[in-house]
Amino acid sequence: MLTFGVLGPLEVLRDGSAVHVNGPQQRALLATLLLRANTVVPVTVIVARLWDEDPPPAGRKSVQMYVLRLRRLLADGAVIETHPHGYLLRIDPATLDLARFRDAVRAAGLAQPRDELALLSQALQCWRGPMLDDVDSESLHREDVPPLAEQLLRVRERFFDASLELGQHGEVISELIRATEEHPWHEAFWAQLVTALHRTGRRADALQTYQTVRRRFAEELGVDPGSGLRAAHEAVLAADDPAPAVAQLPGDVNRFIGRDTVIAGLDEFAFTPGGDRNIVISGPPGVGKTTLAVHVAHRWREKFPDGQLYVNLQGFAADPPLSPSTALTRFLGALGFGRDRVPDDVEEQSALLRSALTGRRMVLVLDNAADADQVRPLLPGQPGCVVLITSRHDLRGLVVSPGASGVPLDVLDDDESRAVLADLLGPERAAAEAGALGQLAKTCAHLPLALRIAGANLAADPGCSIADYTTELTTRGRVTALAIDGDERNAVRAAFDQSYLRLNVADRALFRLLGLVPGPDIGVAATAALADTDVPHARRAVDRLVAAGLLQRTAPGRCGFHDLIREYAAGLAGVDGDPAMFRLVEHYLRRAAEAARIAYPVAAVRDVPADPALTEADAVRWFDDEHHNLLAVLTWAATRPAAQHLAWRMVEVLHGYLQIGGHTREAIATSTAALGAADAAGDHQARVSLLDLLGLLFHDLSEYDQAYVHHVQALTIARQLGDLDGEADALRNIGRQQVQQGRPQDALTYFDKALAVARSAGNTESESRTLNFIGVATTYSGDPQTAFDLHEQALALARKIDHRELVHRCLNGRGIAWWALGRLDESVADHEEVLAYCRQTGQSVGEGASLMSLAEVHLDAERADLAAGLAAEALLVSREVAERRTQANTITLLAAIDNHRGDHAEAATKCGQALELAREIGFGFGEVAALLGLATAHRGLGDPGTALLHAGKALELVRASRQLLLEADVLTELARDHLDLGDSTAAADTATEAVRVAANQGRSLVEQRARTLLAGLRSR
């Protein structure tokens, strides 16, 4: 028997003895086929793997020769099939280490903790070393190896986590040491090693390990450890038990000074029986509310073993306050609720949070609250949890309802203020000028933030005396919006001024401009655009601002503000920053267009010059990094008349990303705000783009009525404007919505109109998209052969204009047509290519749909176990992005697998769930499929009467809606139901009709099933 290995050097064994595969092209060919075993590998892919960028003129013929040699080498141990567009290596998955690895990982994801650990261990044992390091193929190592290497990292990380969760701390230390040596910049392994050492009693080793990696990161990368590694370190310092599953608190300050009386009062509130568990810490800006709340929450971790939840409500930030719904969604996600389980209504979300917290002991920190109404929905309903709320207001409404204790926070006292400054300046310097130190504390109004800024300035200038610095501060005192009432506090602004005025002129200008930037942070390239300078100058300027304590690093190459300092910077900028903001918007627009051209192509970026240095992976990563900033900048531009033309252009550029990037709810909120601005401005062209985008976003949420309303409005305006492209898009999208709701014939009417408009406009992309959708509607109407021809036409056009995203949409449609025609291998090849593309570009919606389609094909090919794994993965992905249409399809498919295995009771349960979901979202095809599955399940349970009712209802829906693709399937099920009821005549008549319908539609597999049933009836 032959066995194969790709998870290490290329390996072929025959009954345990090595089979030598000689020659670089021969080895590259085998590796390529093994990486896609049991699926068709296109010849174009093989050519690229064998010769990279320099294929020979007769590349295809050379491939044939190498395939012939490989067949002879493998003999009868494996079959290499020739297909129209490529080759397929047919092997038993159990003989390939990659397949065993994937199967073990899938099973681990569904297993209980101890079984999960064993399965992960099995998966890791499949790896023998660096993957295919003896195969000479640049494109293989560039495109095929990295995703699997990344998956290995994730599996190793989860294996270590699972080991730690089960208390196997000592068992994994040596493996973790090896992992950190192999991947010295992978912080998760270091954090796990620190935790493992700590939990085995090796506290000193844990601390030494942290210090070693901290120095290495600082010296070689110029960065500090991330939050996970810092949290592991803090747990060692505090000698805490292992952190709970939910641990969202920001890091505690290294040395918290003062507030002893306040902390004692908070302890009393939290731990006195019958005491208030909602505590409002209020006070002026910069007084240390957040620092205190986070510090106290860290102190209480042992008392609340179920974890900590934290959210910045942005009540007094430059960005708008966080809505209760957004905060609730984040909390519920942290508690394990997928997006599909989180209701849309705020009251329902709040009730779900209260239910989730019942019986738990947790600390919640609601930071920077705007008002009581923002907080109330976030409060637990039962004792057990404590909530620390910080706000500049006293939130006295919470004291009345539902009940809270207020802790007004004042500035530090004199001793505490001196201690803060002495901690920054060192004890010797503080003692040498003890009188001046007290005067500086008074000048800073004993406000913690001001004290720390002043202390940092002095620490950076050891030649300046405390007295001279204090005098300079005092002479520059000015009352500003950042000042706190009372003369003794006017120095707060002066403290900021002192840091600001020590900057050079260019850095001051940049600091002012950064105060105007919306969004949570900013990268160096965007900073350079804002300041109208180059990236090296911007990077050095940011470094100086960070050193001055006026900026903080949020990630490598990115920085942000403390919200109080942001307000200060914005106040300095006044209204002079508009030209800079226009440069920033134009930068984001230009970069988004370059990235979208590669990763999310739409018509608006078709003619954008390509950036040769930007890869598709880089483009996807850029969108993920800049997601929040793009939405913030879009909102800024949409609400300023002079910048609205940039906002509308950005909507067009981001159209593809916002629709398929997995951020649907946020995109709807931003696009709705932009639509309001477009309405107010009377910009009808922008309204068309925004309405079309909103319709697509609602479609992805399976909210078809809302999608229809927006697309119809877009259609009306586009026709008024004579916008042919907008008209074709709207018509096509209305048709798409009709398909999903089970009205393919109605959809074809809209698609035909869209196609005519697209052709009259000369828009090849629109023509290709429309042909593809006509193909989908034609398949569901029961004519997959015609649909296949339409998808081929659409695919040819998409390839002609080199539109990768559209090519893969057409491949998806063709794959469905192949499946309907019973051409399962061809269908698998198309869907696997689409799946790879979706994963590469981060298109989670498409990934879920492709997984589901693949599972469906494999089930028809009698590969139920493989189908089950793919379907389970599809369900997880679709739930993550709240894509309910794929969820309904996948649940029905899982039920079909249960029926196939004989578990009809479980199948009936799943079909009931799918039927409810399909009806809830108006998904007609899904409703028919669920009814068909219910019929099969009830027949299997010995209840053919109920089965007949479900199948009859399915047939009624199929014929009423003309979504005839499943007509023969339903007729076959009805024939079986009649047979089990003892009515052989009705069974034969219905089976005969099923044969006729399936034959007319070209559905060979369904026809074969019906003929088999009919033959059995006739032989009676």
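Two cavities of 30 Å³ or more are found inside this structure, which is a predicted model. The largest cavity holds about 70 Å³ of space, and the second largest has a volume of about 30 Å³. Beyond the cavities, this briefing visits a parallel sheet of five strands, a mostly covered helix and two residues with positive phi values.

**The largest cavity**

- Rolling a probe the size of a water molecule over the atoms shows where empty space is left.
- The lining of the largest cavity includes Leu 514, Val 517, Pro 518, Gly 519, Pro 520, Asp 521 and Ile 522.
- Leu 551, Cys 559, Gly 560, Phe 561 and Arg 566 also line the largest cavity.
- By class, this lining divides into eight nonpolar, two polar and two charged residues.

**The second largest cavity**

- Around the second largest cavity stand Ile 522, Gly 523, Val 524, Thr 527, Val 542, Arg 553, Gly 557, Arg 558 and Cys 559.
- Which elements each supply at least two residues of this lining? They are strand 12 (522-523), helix 24 (524-531) and strand 14 (558-560).
- Four nonpolar, three polar and two charged residues make up the lining of the second largest cavity.
- Ile 522 and Cys 559 appear in the lining of the largest cavity and also in that of the second largest cavity.

**The five-stranded sheet**

- Strands of a sheet pair through backbone hydrogen bonds, either parallel or antiparallel.
- Here, five strands form an open sheet with parallel pairing, in the order 8-9-10-7-11.
- Strand 8 (308-312) and strand 11 (405-408) are the edge strands, each pairing on one side only.
- From one strand to the next, the twist averages 15°.
- Strand 8 pairs with strand 9 in the parallel sense over five bridges, and Asn 312 has Asp 367 in strand 9 as its bridge partner.

**Strand 10 within the sheet**

- Strand 9 (residues 363-369) pairs with strand 10 in the parallel sense over five bridges; Leu 364 stands opposite Val 387 in strand 10.
- Strand 7 (residues 278-282) also pairs with strand 10 in the parallel sense, over five bridges, and the bridge partner of Val 280 in strand 10 is Ile 389.
- Is strand 10 (residues 386-391) mostly covered or mostly exposed? It is mostly covered, with six of its six residues buried.
- In a regular strand the side chains alternate between the two faces of the sheet.
- In strand 10, Val 386, Leu 388 and Thr 390 are buried on one side, while Val 387, Ile 389 and Ser 391 are buried on the other, so both faces are covered.

**Helix 1**

- Because each residue adds 1.5 Å, the 12 residues of helix 1 (residues 24-35) should span 16 Å, and the end C-alpha atoms are indeed 16 Å apart.
- Helix 1 is mostly covered, with 11 of its 12 residues buried.
- Among the buried residues of helix 1 are Gln 25, Gln 26 and Arg 27, along with Leu 33, Leu 34 and Leu 35.

**Two residues with positive phi**

- Asp 15 is not a glycine, yet its phi is positive, near 50°.
- Asp 15 is located in the loop between strand 2 (11-14) and strand 3 (17-18).
- Why does Asp 15 count as exposed? Its relative accessibility is 62%, and exposed means over 50%.
- Gln 314, also not a glycine, has a positive phi of about 60°.
- Gln 314 lies in the loop between strand 8 and helix 13 (324-334).

Methods
Residues are numbered from 1 along each chain as its sequence is written. This is a predicted model: local features need pLDDT of at least 70, side-chain atom pairs count only at pLDDT 80 or more; totals for chains, interfaces and linings use all residues. Side-chain values use heavy atoms; hydrogens and water are left out. Helices (H or I, at least four residues) and strands (E, at least two) are DSSP runs, numbered from the N terminus. The expected span of a helix is 1.5 Å times one less than its number of residues. Buried means under 20% relative accessible area, exposed over 50%, partly exposed in between (1.4 Å probe, protein chains only). On a 1 Å grid over the protein atoms alone, a cavity is a set of points where a 1.4 Å probe fits but cannot get out, and a pocket is an open set with protein on both sides within 12 Å along at least five of seven lines; lining residues have an atom within 4 Å of a point. Grid points are joined across faces, edges and corners, and a volume is the space filled by probe spheres set on the points. Ala, Val, Leu, Ile, Met, Phe, Trp, Tyr, Cys and Pro count as nonpolar, Asp, Glu, Lys and Arg as charged, and the others, Gly among them, as polar. Two strands pair if DSSP finds at least two bridges between them. Axes are lines fitted to C-alpha atoms, for helices over the stretch in contact, and angles run from 0 to 180 degrees between N-to-C directions.
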